[in-house]
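Trainee: Could you take me slowly through one part of this structure, the sheet and the charged pairs around it? I would like one connected account rather than a list.

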Amino acid sequence: YDLTFTARDLDVGYEESEATVITLQGQSATVSGEGAAVSGGEVTISAEGSYVLTGELSEGRIVVNAGEADKVQLVFNNASLHCSTSAPVYIKQADKVFITLAEGSKNTLTDGESYDLTGEEDNIDGVIFSKADLTINGAGALAITGSYKHGIVSKDDLVITGGSFTITANGQGLSGKDCVKINDGS
């Protein structure tokens with residue numbers, strides 16, 4: 001078993017000038033920068049890089065569908081997302097995704113009591129659902145309410161190296177298929 005944490009797992013920094021800013025606004029969002037596109041309430045991130053999420057999405061979700069070698073950093077900076085029919089954060093493909101909780105930020109993710117799932121998405125069962133390695137770090141707060149099933153699910157590794165978590169779920173709070181490694185946080 002690999003019980004170590006990489007330098008990247010612990011790194012909460014990002015180049016603010018190079019990051020793409022995703023501003024959540026009700027049932028849609030705006031993007032300033034490269035690598036992300038909006039269709040209705042769905043924001044799709046398709047390239048390696050850092051993405052800062054701020055604002056409130058009352059109905060919609062973030063989908064990471066990047067290359068198999070891409071590393072994607074999502075910086076939650078006072079972001080609130082609700083998706084009544086699926087995971088508010090769905091990581092479909094990437095090499096590794098880092099969710100950084102910005103220092104002092106309060107972030108909230110909620111879902112609905114039933115998901116509307118078809119095809120390759122029919123196994124989604126968590127508020128954050130990742131098919132890639134997932135690391136969560138930072139010094140912010142994340143509140144998750146999983147009305148459907150689980151809180152945070154990774155079908156690969158789930159690594160937590162910081163943050164303050166409040167998770168209420170009908171299933172498991174944290175679920176990692178390959179491992180769950182916690183270095184710090186509350």
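Mentor: In this predicted model, Glu42 has Arg61 as its bridge partner in S6, and this pairing is a good place to begin. The two strands concerned, S4 with residues 42-45 and S6 with residues 61-65, pair in the parallel sense over 4 bridges. They belong to an open sheet of 7 strands with mixed pairing, in the order S3-S4-S6-S8-S11-S14-S17, in which strand S3 (36-39) and strand S17 (174-176) are the edge strands, each pairing on one side only. On average, neighbouring strands of this sheet are turned by 15° against each other, direction ignored.

Moving along that order, S6 is joined to strand S8 (residues 89-93) by 4 bridges, and these two strands run parallel; here Asn65 has Gln93 in S8 as its bridge partner. S8 in turn pairs in the parallel sense with strand S11 (residues 126-130) over 3 bridges, and Val89 stands opposite Ile128 in S11.

The charged side chains add further links, and Arg61 appears again among them: the side chains of Glu121 and Arg61 meet in a salt bridge, at 3.1 Å from N to O. This pair links distant parts of the chain, since Glu121 lies in the loop between strand S10 (106-111) and S11, whereas Arg61 lies in strand S6, 60 residues apart. Both Glu121 and Arg61 are buried.

A second salt bridge involving that loop is formed by Lys92 and Glu120, whose closest N and O atoms are 2.6 Å apart. Lys92 sits in strand S8 and Glu120 in the loop between S10 and S11, 28 residues apart. Lys92 counts as partly exposed because its relative accessibility is 27%, and Glu120 is likewise partly exposed, with a relative accessible area of 47%. Salt bridges that share partners join Glu42, Arg61 and Glu121 into one network, so the residue pair with which we began belongs to this network as well.

A search of the whole structure finds 5 salt bridges, and one of them pairs Asp9 with Lys96, with the closest N and O atoms 3.0 Å apart. Because Asp9 lies in helix H1 (residues 7-10) and Lys96 in strand S9 (residues 96-101), the pair ties together parts that are 87 residues apart in sequence. Asp9 and Lys96 are both buried.

At the edge strand S17, finally, we find Leu174, which is partly exposed, with a relative accessible area of 30%. Together with Val180 and Ile182, Leu174 forms a nonpolar patch on the surface, with about 230 Å² of accessible area together.

Terms used: Residues are numbered from 1 along each chain as its sequence is written. This is a predicted model: local features need pLDDT of at least 70, side-chain atom pairs count only at pLDDT 80 or more; totals for chains, interfaces and linings use all residues. Side-chain values use heavy atoms; hydrogens and water are left out. Two strands pair if DSSP finds at least two bridges between them. Axes are lines fitted to C-alpha atoms, for helices over the stretch in contact, and angles run from 0 to 180 degrees between N-to-C directions. Patches are made of residues with over 30% relative accessible area and no salt bridge: like charges are joined within 9 Å, nonpolar side chains (Val, Leu, Ile, Met, Phe, Trp, Tyr) within 5 Å. Accessible areas come from the Shrake-Rupley method with a 1.4 Å probe; for residues, only the protein chains shown count as cover. A salt bridge is a side-chain nitrogen of Lys or Arg within 4 Å of a carboxyl oxygen of Asp or Glu. Buried means under 20% relative accessible area, exposed over 50%, partly exposed in between (1.4 Å probe, protein chains only).
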